[in-house]
Amino acid sequence: MIRARRMNAVGNGGFAGGPGAAASAGGLFDFSSSITRIFGLSMFASLLTGNGEGVGGNSSLKLIMLGMLVEFGRRFVQWVIERFRLQYSITAEFSEGDPAYDWIINFITQEKVWRRSRDFRVAAKSSQRRWAISTANDSQVIESAEYVPTYDLPQLFWWKRYWIEIKRTKGQTVGMSPFGPGGGPSGASIFLTIYTLDMSILSKLVEAAKKQYFEVSRPHVIVHSVTAHSYGPKFYWNNVKRKPRRPLSSIILPGTTLDELIADIRDFLKMEDWYMSAGIPHRRGYLLFGPPGTGKSSTIHAIAGELKMEIYSVSLAAHFVDDTFLEQAVSSVPKGSILLIEDIDCAFSREEDDDDFAPANPFVPGMVMGRHNQRRQRRSAVTLSGLLNILDGVGSEEGKIFFATTNYVDSLDTALMRPGRIDRKVEYTLATQEQAAALFNRFYPINHVTPESLLESGKPVTDEQKAATLAKLTEQFMACVPDHEFSTAELQGFLLSCKMMPEKAAQGVAGWVADERRQREEKKARIEAKKRRQQEKADKAEVDKFQSTLAKINGGGFGATPVNGGAGIPPPPNAAKPTNGATLVVPPAAEAQANGAKAKPAVNGTNSDSATVNGDVSENESTKGA
Ligand SMILES: Nc1ncnc2c1ncn2[C@@H]1O[C@H](COP(=O)(O)OP(=O)(O)OP(=O)(O)O)[C@@H](O)[C@H]1O
């Protein structure tokens, strides 16, 4: 490019004068003469020597010439700098969606590279992770918004005796469809130029950035997921949330389930070399299954926090997730992360019949709005073979822990469940009394217990008395919660209504259980009534269809145009021509029925469009009456 511009300048010089003109320059301007001779810009020489004869002696022309010379000089210097950069610098590109991009963005945020930025996007603080910088001078000020520099202006900064230049390009929307493969945004990129000849500086910087990134994110669990609107060909894990770490002790599971699970994962992580030497792919799959609200997702978040791993989560219920997407998204998950596939049963096409789900997003067909809507749309674009291929075929990635969750374990294919794909299954059940008691104790630490009877006496309450009261309340609470009837989430919901009031919780739980049972009965009755109504509607449609067939028969269809080219052959007395061209053979019984008698008619078709209908008229009629 630069070279091409230089050639233009040569051409212009040649046109205005000739090498001979430059030769007239002398003394002080020897240097410029030689440059112009080189480039054939003889007129510049005459301009600089004050000899305007070569170009007509016009002063404005001289000015233009001077401008051209300055422009030429500028481009020349640019060219030299570019050469220098190519020769003495290392440039690296980091693409959005790749974990290394996050490391670098975090690095430049920590290094306050963009502190002179004047162009921000401002958003209220949320769990959404943004690479914001603090604009407040006073560290005591709590900011309720996040200020994200547009990161578009190139910046130069000094890091460990090296000059580094950083530049960011915005993502673009490519392809036709914003939701399908080949379409959508392609993410932003960061270009980092280090002025050095030492290649190792780049890897040192990347390693430092990675370390810093994990230190900064330590208090949180980072969950990467994908949203339809920004899904693109090179851009999968674009939605990143920061969640507070959840202690393992906050997960309440019966017996030693949690301890065994965490020990198994720790073992796996320690044994990479053993896996390699045994020729076994270093990956492990866990399936957590059970009713909603029993702690499956919470367990995975707590484990990720404990092991300082990031979660890459994808739900098979999302309409844009198909085999290709899943394969590419999974292969871009970095080693040492947790891959979480939610609603894995969706790859096995089951229908949802619960009536409690909210309608899907009316603006985007099939768009997933929330967990409940996800369950409504059960059919996934991911096929079983695609999923199996990803789990253990060419697409399987090593050094990863894979978690799958489902509420419908029975609908999973046995092929998925075999070791190597799913190595360990953990069942989650509705809460046991033991879990209810543990939850009660988690909600009400001992210092929250204030035995009113003792307080009234005016004497100070000792820790022993508090502990005894808490034990009594726990016992009372536990006794009222039946085993395996309510999920932990439901119990948690009740306890949240009695925050800091253990006595109220212990006394109110029996009433809450009765209420919940009544509501469940009502819901069950509603669902049954709805099913009955649907059945009645289906029955009525059947009867109507049959009656219209009979009406056609009675309407004198016999003897009309023959259907199979059998011109002149009269159809049997019980044959009619239905609208789809098939021959309906109506047994005598149907005729009797058409006349009001109860019978079981048959409609037999002779081609693929035809059907056999066996309707119990007496039943249908009674249904219709109902
Ligand atoms: N075993 C548990 N221990 C601690 N908290 C729990 C447990 N089960 C449920 N909860 C609480 O209930 C809420 C929902 O739990 P979570 O999302 O983990 O359930 P889930 O089994 O993953 O549900 P779903 O199948 O609908 O995804 C969370 O706030 C969590 O704190």
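## Helix α18 and its surroundings

The buried residues of α18 pack against α15 (433-443) and α19 (502-554). What you are looking at is a predicted model, in which local features need pLDDT of at least 70 and side-chain atom pairs count only at pLDDT 80 or more, while totals for chains, interfaces and linings use all residues. Residues are numbered from 1 along each chain as its sequence is written. Helices (H or I, at least four residues) and strands (E, at least two) are DSSP runs, numbered from the N terminus.

Let us stay with α18 for a moment. This helix covers residues 488-496, and T488, L491, F494 and L495 are buried in it. Viewed down the axis of α18, the buried residues fall within an arc of 120°, so they line one face of the helix; the arc is that of the directions from the helix axis to the C-beta atoms. An α-helix has 3.6 residues a turn, so residues three or four places apart point the same way. A residue is called buried if 20 or more other C-beta atoms lie within 10 Å of its own, exposed if 12 or fewer, and partly exposed in between, with C-beta atoms placed from the backbone.

In the partner helix α15 we find F443, which counts as buried with 20 C-beta neighbours inside 10 Å. F443 and P502 are 59 residues apart along the chain, yet their C-alpha atoms are separated by 8.3 Å. As for α19 (502-554), UniProt lists residues 513-544 as "coiled-coil region" in an unreviewed entry; such annotations may be inferred rather than shown by experiment. Over residues 513-544 the chain is 100% helix and 0% strand, with 46 Å between the end C-alpha atoms.

Which residues are closest to the ligand? Of the 16 that surround the ligand, the closest are P292, G295, S298, T488 and A489, where near means a C-beta atom, placed from the backbone, within 6 Å. Two elements, α10 (296-307) and α18, give two or more residues to this shell. By type, the shell divides into 6 nonpolar, 9 polar and 1 charged.

Two loop residues also deserve a look. Both K160 and H484 have a positive phi without being glycine.

| Residue | Phi | Loop | C-beta atoms within 10 Å |
|---|---|---|---|
| K160 | near 50° | between β4 (155-159) and β5 (162-169) | 9, exposed |
| H484 | about 55° | between α17 (463-480) and α18 | 12, exposed |

Stepping back, the protein has 21 helices and 19 strands, and 26% of its 626 residues count as buried. Of the contacts with a separation of 6 or more, 66% join residues 24 or more positions apart; a contact means C-beta atoms, placed from the backbone, within 7 Å.

How far does the confidence go? The mean pLDDT (the predictor's confidence in each residue, from 0 to 100) is 73, and 65% of the residues reach 70 or more. Confidence is highest in α18, at a mean of 95, and lowest in strand β19 (residues 613-614), at 34. Over residues 1-33 the pLDDT stays under 50, and the model has 52 contacts beyond four places in sequence for them. Residues 350-377 also have pLDDT below 50, with 40 contacts beyond near neighbours in sequence. Where pLDDT is low, the predicted coordinates should not be read in detail. The model scores ipTM 0.98 and pTM 0.66.

Notes:
Contact = placed C-beta atoms within 7 Å. Nonpolar A, V, L, I, M, F, W, Y, C, P; charged D, E, K, R; others polar.
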